[in-house]
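Thanks for sharing this one. Here are my notes, set out point by point, so you can follow them with the structure open.

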Amino acid sequence: MSYKLPDKLRTTVVGSYPYFPEALKAFQLRRRGDRGLEYESLVREATRKAIMDYLEAGIDILADGEQRREDMAVFFAEELEGFEISEPVRIFDNVYFRKPVIVGKITWRREILVDDWRYASSLTAGRPMKVTITGPYTMYSWSFDKFYGDMRRAILDMAEAFRREIEALVKAGATFIQIDEPALSTRAEKRDVLIAGEAFEIMLGGLSNVKRITHICYGRMERLFPEILDFPIDQYDFETKNRNYELLDVLKEYSFDKELALGVIDVHTSRIETVEEIMDGIAKGLELLPPEKLYVKPDCGLKRLKRETALAKLRNMVEAARRAREELA
Amino acid sequence: MRLHAGICGSFPRPPELRRAFDDLSEGRISEGEFGRILANSIRDVVKLQERAGMSIVTSGLLSWHDLFRPFTMRLEGLEAGRLIRFFDNNFYYRCPTITGKIRWRGPITLEEIQEVRGAARGLVKAIIPGPFTFLKLSENRFYASEDELLDDLIEALRAEVGALKSSADLIQVDEPSLVDPELGRSERLRGVDIVNEFLSKLDVPGDEVIVATYFNLDPERYAMILDLQAGLHVDLKSTPAEADQALKEHGFDGPILSLGIIDSRSIYPIDPREVVYHVKTYLDYISPDILVFSTSSWLDYIPYNEAVRRLDALGRVLAEAEVRFI
């Protein structure tokens, strides 16, 4: 079954979706070290439900909702060689989380996402299924390093490991590969951006017939420019709605002409944006780029929202893109 | 030059205290039971510090949710607001939101300092947020004039120091905003003036007060904070090359210098001899009456078990330095 993507203002998602009860139960099993048939069945059911919601909303380019990932860094750390998981660390008040700990050379040891991607792709009614990978800069920033003592070496080793994974995904047929680097904008030091650039070159350099995407959000994103524009990236996926589209002025300043996935939904509020409000956001994006290069999506992953809220927001987003396309026609 | 060792501020909550916080909020234990667990935990953390060789101890700030929380909860005119990232850490504080006239209603942290005093053999350090950082990281919804806000804030913090001074040997005033790279020169100068004004109002000798800066030290910022009329804590691990240059360019000849030489945000293994060797390279440039070996900032950024290891490393640094420096 094939699906014809619109040629303008395609809609997509960043990745995560509110966890279904099956996913929460799967996390409990995983924490106990049980990854047997019941665990797999729960993850698959949660994934299926997430994809059904994306389809119901009418999203063009899907993701699997990351129902297998309780934490975007810990998930990959558990799959790569060279990591352990720490004791709890406080994040605020009396809320704790566990962080990956780098304890040895980081290497790829087995396929991480290929089976999930195949399964998710079988449910999309022909729509493309994007793969999301937590980038090595973010993995390093959100980990403790007990082994390297050298950020660059650790990040580049991680990039090599992810290159193996990406090659396996491309071989399996994945055509949309997204590297999530939310930590990159936290410090946004030039030295760090350059290291991230080397990592992107390792992960995505020379890949053909693949849409290479990076998602970055919440921080000093303006400080990533212009170096970030030299990354081997076809599509930049940014959080823009949350800060009233101010980032578009920065993009204008640098004559941005690549594809832009424009955040038009604030994922930190339960308020449902109206179709008109989202269309206003899209109009701002169209002042920068032609509609063929503009993708419409939420600012970030949706996992912090209630399912009903997330779905309602996506429905309005898809409707806004549809009406904007009509207006353009 | 006398040598000491002590952590910069907080220590991670022991597992039983973490559980007690959850139990209290879920109503499974009473305030009284929670208070007993907290007091036990403070005593345990004091003993842990002393066993590791610390000559200066803190309460571990075990009851503090963040730098401001005890103050936002107990000063009049303040509320705990939205969560905000604390500098570049994956750690968040609730923004002190100023909704009325700020007034000190009574001792805020005295009880925990008395708990430390009762358990400690060495010097006891109390910690308060400094007025400049408090101002920069809070949200003002009440005062029309920033000067008026500062007057009240400084008075409230002064009153707290007044309550603490008989139980604490050292007062640490946390001012990470003084070295915030986002600040311009004039704002930083103003910050130094504000902190100096606050210090001038304290009825505590200058060699019993330490202004703690952490994260982002560089030579220019360091030169500016040298004008502070108190001892100084500096973070040598967040920006190590710049901090190294800062100390070597501008030296230090005040009463107390606390060197944050154990990275409190990393768990990378430490060789105490290497640390001491490194600090030795500063001795041609610095001449404080008291040199304190410390963690670079609070220890909340790492797990409890790793903080215990770092504490042990800090103790070994002091022991090694006592042999090599004298």
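1. Let me start with a question: in which sense, left-handed or right-handed, does α2(B) pass α4(B)? The crossing is right-handed. Bear in mind throughout that this is a predicted model. The two elements are helix α2, residues 31-51 of chain B, and helix α4, residues 110-119 of chain B. Their axes are 9 Å apart and the packing angle is about 50 degrees. An angle of that value makes α2(B) oblique to α4(B), because it falls neither under 35 degrees nor in the range 65 to 115.

2. Which residues make this contact in chain B? From α2(B) come Ala39(B), Ile42(B), Arg43(B), Val46(B) and Lys47(B), and across from them in α4(B) are Glu112(B), Glu115(B), Val116(B) and Ala119(B). By class, the contact of α2(B) with α4(B) has five nonpolar residues and four charged ones, with no polar residues.

3. Chain A offers another helix pair to look at, α6 (residues 151-172) and α8 (residues 190-204). Here the axes come within 8 Å and cross at roughly 25 degrees. That makes α6(A) roughly parallel to α8(A), since the angle is under 35 degrees. As for handedness, α6(A) passes α8(A) in a right-handed crossing.

4. The residues of this contact are worth selecting in your viewer. On the α6(A) side they are Met151(A), Arg152(A), Ile155(A), Leu156(A), Ala159(A), Glu160(A), Phe162(A), Arg163(A) and Ile166(A). On the α8(A) side they are Ile195(A), Glu198(A), Ala199(A), Ile202(A) and Met203(A). The contact of α6(A) with α8(A) divides into 10 nonpolar and four charged residues, and no polar ones.

5. Next, a sheet in chain A. It is open, has three strands in the order β2-β3-β5, and its pairing is mixed. The edge strands, each paired on one side only, are β2 (81-92) and β5 (144-145) of chain A. Strand β3 (residues 95-107) of chain A runs parallel to β5(A), and two bridges join the pair. To find this pairing, look for Ile102(A), whose bridge partner in β5(A) is Asp145(A).

6. Two backbone details in chain A deserve a check. Most residues other than glycine have a negative phi, and most peptide bonds are trans. The peptide bond from Phe225(A) to Pro226(A), however, is cis, with omega near 0 degrees. Pro226(A) sits in the loop between β7 (211-216) and β8 (235-238) of chain A. Asn244(A), although not a glycine, has a positive phi of about 55 degrees. Asn244(A) belongs to the loop between β8 and α9 (247-253) of chain A.

7. How do the chains meet? Contacts link 20 residues of chain B with 18 residues of chain A. On the chain B side, α1 (15-25) and α11 (304-324) each supply at least two residues. The largest share there, three residues, comes from α1(B). Sorted by class, the side of chain B that touches chain A has 12 nonpolar, four polar and four charged residues.

8. Finally, confidence. Chain B has a mean pLDDT of 96, with 100% of its residues at 70 or more. For the complex, the predictor gives an ipTM of 0.95 and a pTM of 0.90.

Note on methods
Residues numbered from 1 in each chain as written. Chains lettered and ligands numbered in written order. Predicted model: local features only at pLDDT ≥ 70, side-chain atom pairs only at ≥ 80, totals over all residues. Contact = placed C-beta atoms within 7 Å. Helix = DSSP H or I, 4+ residues; strand = E, 2+ residues; numbered from the N terminus. Nonpolar A, V, L, I, M, F, W, Y, C, P; charged D, E, K, R; others polar. Pairing = 2+ DSSP bridges. Axes fitted to C-alpha atoms, helices over the stretch in contact; angles between N-to-C directions. Parallel < 35°, antiparallel > 145°, perpendicular 65-115°, else oblique. Left-handed = near helix turned anticlockwise from the far one by under 90°. pLDDT = per-residue confidence, 0-100.
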